[in-house]
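Biologist: Could you take me closely through one part of this model, with the cut-off behind each term, so that I can follow the description on screen?

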Amino acid sequence: MTGSGGVISGVRVSHDRASLDDVATACHTDQQAVVSRLVEEPGVSEAFALQTCNRFEAYIVTDTPTAGAAILAEFAPDVEDHAVVTMGHEESLRHLLRVTAGLESIVLGEDQIIGQVRSAYKSARAIGAIGPMLEEALMKAIHVGERARTETAINEGVVSIGSAAVALADEQHDLDGATALVVGAGEMGTITAHALADAEIETLIVANRSLERAETVAEEVELLDARAVGLEALPACLPRTDVVVTATGSDGHVLDADLLSDCGETLVVDIAQPRDVSPAVAALDGITVHDMAALESVTDETRSRRRAAAESVETMVDREFENLLEQYKRKRADEAIAAMYEGAERVKERELQTALVRLESQGMDEDQRAVVESMADALVSQLLAPPTKSLRDAAAKDDWTTINTALQLFDPEFGDEPPAFIANRLESAADD
């Protein structure tokens, strides 16, 4: 079912079908620039993009499904075909709800994704790329994400990639009394720093390009020995470190073989996208490197504990998805009804004025004029009440032929071309 503003089409490259390299290839340096590029495409009225460490997704609104699919078909040209999933209108809507609820995350029910969706929404809205179609979809998705976390236990236990990275490090290396280094002080690095502090490490070093930001994170964690350094201090810090977690937004490698060659026994967990750690590091003696794929061992245990909660969230998503479709349907019916009343009002006003001119020439007074005008209004209301109900029923049943016919009958200026949402539905029906 499509909306009056068009139809939503989507494309995604995410961890369920794609490798981390595929995701990195699909992602762009600037998420807002992606949205800007999309909304400037001919025929695109709205656009939204979501980029995280394990997914790239883009959504657009166009007049027809064919137009949307054609535009998105060329959006990830360097990614293997098997890793790219294209989505139609309803699949896009359902997927947005599932993503924000945490059902599509590596860490089932993780909390970070809802903030990422909200941030991406604000970013796209700031450049005027969000219109009524995506506004309604994204508000519903965020609402579902909030409900999932407040009404179920889906986010109990390990709740983020950062905390999963620390859980993995704790499995591989006893963190009690260890010295840990977090490279990157963004959202992921901050979560990781707090998780490491909770794991009873002795010393935490936060390294970041902006020393001020690193100092803020170091001050926030509940650990006596927490310090901040700039990235230029990495050569001095690394040899003293037992565990390193990297989570920067850098386009290139932050840690290479030269930096780690003399570090001895060191565990490195790379949760950045694109990767912070050069592949050559894995060949160094004493250095153990884990990336996002290794988090599955941690998340499998979390997933099993949360399975019952996930079933409740699945039911919630299904219900809210149907509610969202109903919202769109009601709006479509209301738009058709408004067009019908607008056409009827034009006819009423024209005929009423003709009648009033004649009656006034015969001496009609103001009271009589009011009676005639009231009668005209009552006739329109009574005549349009049954078709109004029929149109709402037709929209609920996706009966767009009835709506199309009604518009032609009641709108004198309707002409030969149906509105975009009728054309969309007729095209979809023809494709089926």
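Modeller: What follows is an account of one helix, the pocket beside which it is described, and the charged pairs.

This is a predicted model, in which local features need pLDDT of at least 70 and side-chain atom pairs count only at pLDDT 80 or more, while totals for chains, interfaces and linings use all residues. Residues are numbered from 1 along each chain as its sequence is written, and side-chain values use heavy atoms, with hydrogens and water left out.

The part in question is helix α5, which spans residues 112–126 and includes Gln116; helices (H or I, at least four residues) and strands (E, at least two) are DSSP runs, numbered from the N terminus. Gln116 counts as buried because its relative accessibility is 15%, where buried means under 20% relative accessible area, exposed over 50%, and partly exposed in between, with a 1.4 Å probe and protein chains only. Leaving aside residues up to four places away in sequence, Gln116 touches Leu50, Thr52 and Glu187, a contact being heavy atoms within 4.5 Å.

Helix α5 also has a part in the largest pocket, whose volume is about 720 Å³. Among the 27 residues that line this pocket, Gln51, Thr52, Cys53, Gly249 and Gln273 are the closest to its centre. (On a 1 Å grid over the protein atoms alone, a pocket is an open set of points where a 1.4 Å probe fits, with protein on both sides within 12 Å along at least five of seven lines, and lining residues have an atom within 4 Å of a point; the volume is the space filled by probe spheres set on the points, which are joined across faces, edges and corners.) At least two lining residues each come from β2 (46–52), α5 and α8 (187–198), and the largest share, five residues, is supplied by α5.

Further along α5, the side chain of Arg125 meets that of Glu135 in a salt bridge, at 3.3 Å from N to O; the term requires a side-chain nitrogen of Lys or Arg within 4 Å of a carboxyl oxygen of Asp or Glu. Because Glu135 lies in helix α6 (residues 132–151) and Arg125 in helix α5, this pair ties together parts that are 10 residues apart in sequence. Both ends are partly exposed, Glu135 because its relative accessibility is 22% and Arg125 because its value is 48%. For comparison, Arg98 and Glu104 form a salt bridge at 2.7 Å, N to O, and both of these residues, Arg98 and Glu104, are buried. By this rule the model holds 22 salt bridges.
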